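Biologist: Got a minute to walk me through this one? I'd like the overall picture before we poke at the holes.

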Amino acid sequence: MLDLPSIASPQLWAISVAVLLGLLVADFAITHRPHDVGMREAVGWSLFYLALPAVFGVLLWQVYGQRPAVEFFTGYVVEKSLSVDNLFVFMLLLAAFAVPPRLAQRVLLYGIAGALVLRAVFIAAGAVVLRSGAWAFLLFGAVLLATAVKVFREAMRHEEYRVDIDNMRSVRLMRRLMPVTGGYHGGRLTVVERGRRALTPLALVVVAVFMTDLVFAVDSVPAVYGVTEDPYLVFATNAFALLGLRALYFVLHNVLDRLRHLNYGLAVILAFIGVKLVLHWAHGVWPGVPDIPTDASLAVIGLTLAAVTVTSLYADRRERVGA
């Protein structure tokens, strides 16, 4: 039985959850009236949600020291990079459901709120698994390595990701449970139509976004546990990364397709953290096996993201010039 180290007291957990709920309530209040999100608004909110984790990390450094702060920043970079891949799938989902632009941020906010609850469950489950023994590091490492191979193969095939909403199990189940209206009704999830309660297409796309994040959580939570064993820091990195997704979506909406090498970078990052977890397990069994420090992890992840961004933009520029 392993004892997972944590900087969090019950008071810190309570304050963090209260702040998180406050931010979500504020977001729902701001998006109460659906509207098209302009670039200026999106950039402003993105900067706000980038400043929040920066301030939080500095506070961690001052109060708890360097190690928790570096672990938080490293985990946040990992989670944020994986979230960009989420955004691409969300973009396809919103297009497949023909979501009106003014309702897009509402859909994303519902999905993010559900994803936060889902991530909390996964993080708690991950902590339970890790407490059961050091073998869990080997299990998480194997999951990430297998995912890295899958992501790399998909990147090599250069196949466009497609969304077939009629074949999504969550959508088919919702349609069996309740009738669905033919069009959107503003920001409402259900309406009364012909004397019966019916779902709107908005409800279907929200469920689809939520279920899609279920798949991503299987990868992202073990990945952050590969950076830090503190469940509180894992939760904090996920919360800050998800909170900024809504604004980041509108900032990157027109440039996501240019990051053509992103999946290669994500495969490298997942494989690196998978190896790090396996080495961490082996280090506990054979002390002579090296244990990769968090500082080195942050450097590798940062360089990988920078490299794939540069190569993606270079390849995109060459294609545009040659066209």
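Modeller: Below we go through the fold, the pocket and cavity, and a few single residues.

Modeller: Bear in mind that this is a predicted model: local features need pLDDT of at least 70, side-chain atom pairs count only at pLDDT 80 or more, and totals for chains, interfaces and linings use all residues. Residues are numbered from 1 along each chain as its sequence is written, and side-chain values use heavy atoms, with hydrogens and water left out.

Biologist: Fine. How many helices and strands does the protein have?

Modeller: Eleven helices and two strands. Helices (H or I, at least four residues) and strands (E, at least two) are DSSP runs, numbered from the N terminus. From that end the elements run α-α-α-α-α-α-β-β-α-α-α-α-α.

Biologist: And what radius of gyration does the protein have?

Modeller: The protein has 21 Å, which agrees with the value near 20 Å for a compact globule of 323 residues. That radius is taken over C-alpha atoms, and the globule rule is 2.2 Å times the number of residues to the power 0.38. Along its principal axes the C-alpha trace spans about 70 × 55 × 40 Å.

Biologist: How much of the protein counts as buried?

Modeller: Of the 323 residues, 46%. Buried means under 20% relative accessible area, exposed over 50%, and partly exposed in between (1.4 Å probe, protein chains only). The protein exposes about 16200 Å², with carbon and sulfur atoms supplying 66% of it; accessible areas come from the Shrake-Rupley method with a 1.4 Å probe, and for residues only the protein chains shown count as cover.

Biologist: What share of the contacts join residues at least 24 apart?

Modeller: Among contacts between residues at least 6 apart in sequence, it's 78%. A contact here means heavy atoms within 4.5 Å.

Biologist: On to the holes. How much space lies in the second largest pocket?

Modeller: About 430 Å³. On a 1 Å grid over the protein atoms alone, a pocket is an open set of points with protein on both sides within 12 Å along at least five of seven lines, while a cavity is a set where a 1.4 Å probe fits but cannot get out; lining residues have an atom within 4 Å of a point. Grid points are joined across faces, edges and corners, and a volume is the space filled by probe spheres set on the points.

Biologist: Which residues lie nearest the centre of that pocket?

Modeller: Ser16, Val19, Phe56, Tyr232 and Phe240, out of 20 lining residues. Helices α1 (10-30), α2 (39-64) and α8 (231-243) each supply at least two of the lining, and α2 gives the largest share, eight residues.

Biologist: What's the lining like by class?

Modeller: It has 19 nonpolar, one polar and no charged residues. Ala, Val, Leu, Ile, Met, Phe, Trp, Tyr, Cys and Pro count as nonpolar, Asp, Glu, Lys and Arg as charged, and the others, Gly among them, as polar.

Biologist: How many cavities of 30 Å³ or more does a search of the whole structure find?

Modeller: One, with about 30 Å³ of space in it. Val37, Glu41, Ala42, Trp45, Gln105, Arg246, Ala247 and Phe250 line this largest cavity. The elements giving two or more residues to that lining are α2 and α9 (245-252). By class, the cavity lining has five nonpolar, one polar and two charged residues.

Biologist: Change of topic. Where is Ala223, and is it buried or exposed?

Modeller: Ala223 is in helix α7 (residues 201-225), and it's buried, at a relative accessible area of 0%. Leaving aside neighbours within four places in sequence, Ala223 is in contact with Val78, Leu82, Leu144, Leu270 and Ile273.

Biologist: And Ala54, in which helix is it?

Modeller: Helix α2. Ala54 is partly exposed, with a relative accessible area of 36%. Its C-alpha is 15 Å from that of Val78, 24 residues apart in sequence.

Biologist: Last one: what is phi of Ala98?

Modeller: Near 50°, a positive value in a residue other than glycine. Most residues other than glycine have a negative phi. Ala98 is in the loop between α3 (66-96) and α4 (104-131), and it's exposed, with a relative accessible area of 54%.
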